[in-house]
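Hi,

Here is the structure I promised to pass on. Have a look at it first, and then read on for what turned up.

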Amino acid sequence: EARPRDAGRALVRLDPETAGTLGIRIGDVVEIRGKRSTFGKAMPAFPEHRGQERVFIDGITRINANVGLDETVELRPVKVAQASKVHVKPLSLSPKKRDLEYICSRIDGLPICTGDQLRVSLFGGRDASFHVDATTPLGPVVIGPDTRLVVNERDSSKPPARASSYEDIGGLGG
């Protein structure tokens, strides 16, 4: 389980020694292969989690990799291009035009691929969740400051989706 501050950021926290063994450098984009492949950015595990050969990822990344807590994933470094365009479909609320610039700033640097979900915390405690319909270029990409975000129509016949995980709640230490 990732820490609440990592939620929605596609961070993959692992022991730097383990990362070195896998040929992964901190800051690399890595493929996370569970039942499905998704992508994240390698970051060092917190000191208390080192030496455990564990990977810490947030709930959205687990959804994207189609894995649960304590399931095994494979990691490998990958090269990715910067996305010129990303088509997304809202899963929760449909953002207003004034929200788009803020949403783009919150997902800058996020590695994604077609089929992923992403979630952005908005002002007032609201979240905007999206399904990635397509990327240009194809394959894994990183969203950058020049990436154009195209918001497709939400399927209004389905109720808004909201998958919660522990790090969304957070602060419930024992």
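Let's start with a question: which residues does Ala134 touch, not counting residues up to four places away in sequence? Keep in mind while you look that this is a predicted model.

The answer is Lys85, Val86, His87 and Thr114. Ala134 sits in strand S9, and two of the residues it touches, Lys85 and Val86, are worth finding again when you get to strand S6 (85–90). There is also a spatial relation to Cys113: the two are 21 residues apart in sequence, yet their C-alpha atoms are 7.7 Å apart in space. Is Ala134 buried or exposed? Neither, quite: Ala134 counts as partly exposed because its relative accessibility is 26%, and buried would require under 20%.

Now the overall picture. The chain has 174 residues, and 39% of them count as buried. The secondary structure comes to 4 helices and 11 strands. If you take the contacts between residues at least 6 apart in sequence, 76% of them join residues at least 24 apart.

On to the inside. The largest nonpolar core is made of 17 residues. Val86, Ile103, Ile107, Leu110, Ile112 and Leu118 are the ones with the most contacts inside it. Two or more residues each come from strand S6 (85–90), helix H3 (97–107), strand S8 (117–121) and strand S9 (127–136). S9 gives the largest share, 3 residues. So that you can click through one of these: Leu118 is in contact with Ile60, Ile107, Leu110, Ile112, Ala128, Ser129, Phe130 and Val132, leaving aside its neighbours within four places in sequence. Apart from this core there is a second, separate one of 11 residues, with Ala19, Ile32, Ala42 and Ala65 among them.

What about empty space? The count is 1 cavity of 30 Å³ or more, and the volume of the largest cavity is about 80 Å³. It is lined by 15 residues, and Ala10, Ile60, Asn64, Leu110 and Gln117 are the closest to its centre. Strand S3 (37–44), helix H2 (59–65), strand S7 (111–112) and S8 each put at least two residues into the lining. Two names come back here: Leu110 and Ile60 both lie among the closest to the cavity centre, and both are in contact with Leu118.

If you were going to go looking for aromatic pairs, you can skip that: the structure holds 0 of them. There is one ring worth a look, though, since Arg3 lies over the face of Phe46, 3.8 Å from the ring centre. Arg3 also turns up beside His49, which touches Arg3 and Phe56 when residues up to four places away in sequence are not counted. His49 is in the loop between S3 and H2. Its C-alpha atom is 8.1 Å from that of Leu14, 35 residues away along the chain.

A few backbone details may interest you as well:

- Thr136 and Pro137 are joined by a cis peptide bond, with omega about 0°. Pro137 belongs to the loop between S9 and strand S10 (141–142).
- Asn66 is not a glycine but has a positive phi, near 55°. You will find Asn66 in the loop between H2 and strand S4 (74–77), and at 42% relative accessibility it counts as partly exposed.
- Asp70 lies in the loop between H2 and S4, and it also has a positive phi, about 65°, without being a glycine. With a relative accessible area of 65%, Asp70 is exposed, because the cut-off for that is over 50%.

One last stop is Glu74, in strand S4. Which residues does Glu74 touch, not counting those up to four places away in sequence? They are Glu31, Ile32 and Arg33. Glu74 and Glu31 are 43 residues apart in sequence, with 7.8 Å between their C-alpha atoms. Ile32, for its part, is one of the residues in the second core.

Over to you!

How values were computed: Residues numbered from 1 in each chain as written. Predicted model: local features only at pLDDT ≥ 70, side-chain atom pairs only at ≥ 80, totals over all residues. Heavy atoms only, no water. Core = buried A, V, L, I, M, F, W, Y, C linked by side-chain atoms within 4.5 Å. Buried < 20%, exposed > 50% of the residue type's maximum accessible area, 1.4 Å probe, protein only. Contact = heavy atoms within 4.5 Å. Phe/Tyr/Trp six-rings, centres within 6.5 Å; stacked < 30°, edge-to-face > 60°. Lys NZ or Arg CZ within 6 Å of the ring centre and 35° of its normal. 1 Å grid on protein atoms, 1.4 Å probe; cavity = no way out; pocket = protein on both sides within 12 Å on 5 of 7 lines; lining within 4 Å. Points joined across faces, edges and corners; volume = space filled by probe spheres on them.
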